[in-house]
Amino acid sequence: MSDEDDTSLFAQEVAGIKPLKKCEVYLRKKGPQVDFHVRKQAASIAQEADRNHLSHDFVEKVEPNDVLGYKRSGVQDGVFKRLRQGKYGIEARLDLHRHTVAQAREQVYQFADDCMRNDIRVAIIVHGKGDRTPEPENQAMIKSYINKWLRDLDVVMAFHSAQRHHGGLGAVYVLFKKTEKARLEDWEKHQKR
C-alpha cells in the first residue's frame with residue numbers, strides 16, 4: 001500500500017465523525033475528594049507498625065554444626081566466658097521450631113523488645129540446627145538469620161551457642177544490654193557498700 005492509499009483509507013474511516021461538544025476532560029473517576037491528611041496519617045501508622053529493621057534479604061549461611069558466637073566491644077571477657085559456659089540464669093526463652101523466616105524475624109524482634117522492657121539480661125533462643133531439611137541449600141536458614149539478626153540488634157551485647165543440656169548447637173544464649181533502671185539499681189547497690 002502506498003501513502004496515498006493510506007491517506008484516502010483514513011479519510012474514509014473518519015468521514016462521519018463529529019467533534020465533541022464538551023471541552024472538559026476528566027482524567028480520573030468522579031467521586032469524593034481525596035483527603036490526603038488521612039492518607040498521610042495511615043502511611044505513618046503503617047510505618048510505625050513495622051519498626052522492625054531486621055532484614056530477611058541476603059544472609060551469610062552457617063552450617064548446622066557451626067558454633068555461633070559474638071561479643072560487642074566493651075563486654076568483658078569473663079562475662080562472655082560465663083555466658084558461653086551457660087553459667088548465667090536464663091530469664092526468658094524463645095522457641096523458633098517450625099517457624100518460617102518471616103515469622104522468626106517478627107518473633108526475634110518482639111522478644112528482644114520484651115526482654116528490654118522487662119529488664120531481662122540473659123535469655124535463650126532455640127532455633128534448631130536446621131539439619132533435617134532435605135535440600136542442602138536450605139539447611140540452617142533460621143540459624144543463619146539468628147546469627148545475622150542478633151548482631152543487628154543494638155540491645156544484644158553478646159550471644160553464643162548453648163551448652164548441650166540447653167539445646168547445644170540448636171540454641172543460643174543471648175546477653176542483653178542493661179536498662180537504665182538496672183544500671184541505677186546496680187549503682188545504688190554498690191554505693192551502699
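Strands β3 (residues 122–126) and β5 run antiparallel to each other and are paired over five bridges. On this predicted model, strand β5 also has a second antiparallel partner, β4 (residues 156–161), joined to β5 by five bridges. Let's start with β5, then visit two loop residues and two pockets.

**Strand β5 and its partners**

- To find the pairing with β3 in the structure, look for A123, whose bridge partner in β5 is V174.
- For the pairing with β4, look for A158, which has L175 as its bridge partner in β5.
- How many residues of β5 (residues 171–176) are buried? Six of its six residues are, and the strand is described as mostly covered.
- Both faces of the strand are covered. One side carries A171, Y173 and L175, the other carries V172, V174 and F176, and all of these are buried.

**Two loop residues with positive phi**

- Most residues other than glycine have a negative phi. Keep that in mind as you look at the next two residues.
- R98 is not a glycine, yet its phi is positive, near 65 degrees. You will find R98 in the loop between β2 (92–95) and α4 (101–117).
- Is R98 buried or exposed? R98 counts as exposed because its relative accessible area is 85%, and the cut-off for exposed is over 50%.
- D119 is another residue that is not a glycine but has a positive phi, about 55 degrees. Its place is the loop between α4 and β3.
- With a relative accessible area of 26%, D119 is partly exposed.

**The largest pocket**

- The largest pocket holds about 540 Å³ of space. It is lined by 23 residues, and the closest to its centre are H97, H127, G128, K129 and G130.
- Which helix gives the largest share of this lining? Helix α5 (residues 141–152) does, with three residues.
- Sorted by class, the lining of the largest pocket has 10 polar, seven nonpolar and six charged residues.

**The second largest pocket**

- About 210 Å³ of space lies in the second largest pocket.
- Its lining is made up of G74, V75, Q76, V79, R121, M157, L175, K177, K178 and R183. You have already met one of these, L175, as the β5 bridge partner of A158.
- By class, the lining of the second largest pocket comprises four nonpolar, four charged and two polar residues.

Note on methods
Residues are numbered from 1 along each chain as its sequence is written. This is a predicted model: local features need pLDDT of at least 70, side-chain atom pairs count only at pLDDT 80 or more; totals for chains, interfaces and linings use all residues. Side-chain values use heavy atoms; hydrogens and water are left out. Buried means under 20% relative accessible area, exposed over 50%, partly exposed in between (1.4 Å probe, protein chains only). Helices (H or I, at least four residues) and strands (E, at least two) are DSSP runs, numbered from the N terminus. Two strands pair if DSSP finds at least two bridges between them. On a 1 Å grid over the protein atoms alone, a cavity is a set of points where a 1.4 Å probe fits but cannot get out, and a pocket is an open set with protein on both sides within 12 Å along at least five of seven lines; lining residues have an atom within 4 Å of a point. Grid points are joined across faces, edges and corners, and a volume is the space filled by probe spheres set on the points. Ala, Val, Leu, Ile, Met, Phe, Trp, Tyr, Cys and Pro count as nonpolar, Asp, Glu, Lys and Arg as charged, and the others, Gly among them, as polar.
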